[in-house]
Amino acid sequence: MNMHASRVISAAFVLPFALVFAASLTPSLPAQARRASLPAVPHPRAVVRRQAETPSPAPPVQPKPLPPRTPFTAAEDAAASIPGMPDARFWADSTADFNNALPSKPGAWLVLSSGGEDGAFGAGLLNGLTAAGKRPDYSVVTGVSTGALIAPFAFAGSRYNDALRDAFTTITSADIFEIGATPESFVDTWPLKDLIAKEITPALIADIAAQYRAGRRLFIITTDLDAERSVVWNMGAIAAHGGKEAADLFRNILLASSSIPGAFPPVLIDVDSNGKHFAEMHVDGGVGGQFFVAPAALMAASADYRLPATQLDVIIDTGLQPDFQVVERSTQAILTRTVGMAVKVDTRLMLDRAYLFAKRSGIGFNVASIPPSFNAPSHGAFDPGYMKALFQAGYDLGKSASPFSAVPPAYPEAPAPRSQNPEKTGAN
């Protein structure tokens, strides 16, 4: 299957996952327990009497309607840029812009995948690599979704290891979202926006700007939902502009890259196109693929492009092994299992393409993913206990003699028994 097809798989399953995410906010119970907890159904006449005696409950509060968006055309969006920051971004399918944005000297690349709370694995691995003295100064770092939240700390260097650890071991779901629908989503992510503002400090932005001026590159991917195209943000260039507008844009991009469409609100980003001002709608970078290496045209089997890097390190923040589980006959359970499987398939397809791309480019390929033996239970979204255990698993692997594999994880012949909480999907 080609890269385009694998990205279609990813896009096709992100939206159903929003439904699964919303349902999973309430801890699931076994079917028998749910039935036992249901009240007895009264006789219809009793219902009529109670309705006559009891005032009707107030209707639920509806989210306040949002103002209409400024209309614009595909041509206007294609030519749009960030006011005052023409170097802030480029389309992920533009081969010319991609090459122009790369460092002048080749070096090791770090690619960070999607994975939600499973980003704790990548955070732990990077800390472990530092402890073992095996972490390169990557010339290029790319991040998608939860990988986008890891990437600034990874790019800025080991001095931010403690901040990276705390960001993925001390948070709870209350730090990510507030239950309550908005006109655009099932939950509100103002807590995540506040958390990003707190963690992405002026000092961190200044350090990223300094590394950009030294020739390194930090790329974060979002999805322009209006154009149905992925966008690569040159975060170092944005940081180098300095000032409040650059800092606000930097943080909004991180929020957008981790905003699951339907579950989380999208992020509107103001742009200018030949004097016309409007706002694009950006959502999770994982819609366009679980990680980003280069434009799909350059990675295609029919292309002869060679990546100007010395090695390609890929960290996969999700489990790739199949987990056996008898699926309940419910919408939530069916969608959860379907999305979890689809993300694993998509990630494996992308890993195979990245591996072949690295071989064609004559560079080393290294990949680390959550070990099949990891079986800590999860008791809900962003469970600190689960995330601490996963961080430690990543740390131990990073500090080990062989933190990376030179080939993608093997396809198992049969599912290995593994303790799995029904709420965990391994999805983005």
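Two residues are in contact when heavy atoms of theirs lie within 4.5 Å of each other. Keep that cut-off in mind for the stops below. The model on screen is predicted.

**Stop 1: the whole chain**

Show the protein as a cartoon. It has 15 helices and eleven strands. Of its 428 residues, 51% count as buried. Now consider contacts between residues with a separation of 6 or more: 81% of them join residues 24 or more positions apart.

**Stop 2: Ile238 and the cores**

Select Ile238. Which residues does Ile238 touch, leaving aside its neighbours within four places in sequence? Ile238 is in contact with Met85, Ala88, Trp233, Ala246, Leu249, Phe250 and Ile253.

Next, add Phe168, Leu218, Trp233, Met235, Phe250 and Leu254 to the selection. Together with Ile238, these residues touch the most other members of the largest nonpolar core, which has 74 residues. A second core, separate from it, has 33 residues, including Phe98, Val144, Val293 and Ala294. In soluble globular proteins, nonpolar side chains tend to be buried together.

**Stop 3: helix α7 and its partner α12**

Select residues 146-156, which form helix α7. How many of the eleven residues of α7 are buried? The count is eleven of eleven. Among them are Thr146, Gly147, Ile150, Phe153 and Phe155. Just after α7, click on Gly157, which has a positive phi of about 110 degrees.

Keep α7 and add residues 243-257, helix α12. Two packed helices are described by the angle between their axes and the distance between the axes. For α7 and α12 the angle is about 145 degrees, and the axes are 7 Å apart. Their crossing is right-handed. To see the contact, show side chains for Ala148, Leu149 and Pro152 in α7, and for Phe250, Leu254 and Ser257 in α12. Five residues of this contact are nonpolar, one is polar and none is charged. Phe250 and Leu254 also appeared at the previous stop, as members of the largest nonpolar core.

**Stop 4: helices α6 and α15**

Select residues 119-131 for α6 and residues 384-399 for α15. The axes of these two helices come within 6 Å and cross at roughly 35 degrees. This crossing is right-handed. On the α6 side, the contact includes Ala120, Phe121, Gly124, Leu125 and Asn127. On the α15 side, it includes Met387, Leu390, Phe391, Gly394 and Lys399. Sorted by class, the contact has eleven nonpolar residues, five polar ones and one charged one.

**Stop 5: the β8 and β9 hairpin**

Select residues 267-273, strand β8. Five of the seven residues of β8 are buried, so the strand is described as mostly covered. Add residues 276-283, strand β9. The two strands run antiparallel and are joined by seven bridges. For one facing pair, pick Val271 in β8 and Phe278 in β9. In a regular strand the side chains alternate between the two faces of the sheet.

The two strands form a hairpin with two residues between them. Select Asn274, which lies in the loop between β8 and β9. Its phi is near 50 degrees, a positive value in a residue other than glycine. Most residues other than glycine have a negative phi. Is Asn274 buried or exposed? Asn274 counts as exposed because its relative accessibility is 77%, and the cut-off for exposed is over 50%. Now add Ala80: Ala80 and Asn274 are 194 residues apart in sequence, but their C-alpha atoms are 7.5 Å apart in space.

**Stop 6: Phe382**

Go to the loop between β11 (364-369) and α15, and select Phe382. Phe382 has a positive phi near 55 degrees, and it is a residue other than glycine. Is Phe382 buried or exposed? With a relative accessible area of 14%, Phe382 is buried, because buried means under 20%.

**Stop 7: Met299**

Finish at helix α13, residues 296-299, and select Met299. Met299 counts as buried because its relative accessibility is 4%. Then add Arg360, which is 61 residues from Met299 along the chain. A line drawn between their C-alpha atoms spans 9.5 Å.

How values were computed:
Residues numbered from 1 in each chain as written. Predicted model: local features only at pLDDT ≥ 70, side-chain atom pairs only at ≥ 80, totals over all residues. Heavy atoms only, no water. Axes fitted to C-alpha atoms, helices over the stretch in contact; angles between N-to-C directions. Helix = DSSP H or I, 4+ residues; strand = E, 2+ residues; numbered from the N terminus. Left-handed = near helix turned anticlockwise from the far one by under 90°. Nonpolar A, V, L, I, M, F, W, Y, C, P; charged D, E, K, R; others polar. Buried < 20%, exposed > 50% of the residue type's maximum accessible area, 1.4 Å probe, protein only. Pairing = 2+ DSSP bridges. Core = buried A, V, L, I, M, F, W, Y, C linked by side-chain atoms within 4.5 Å.
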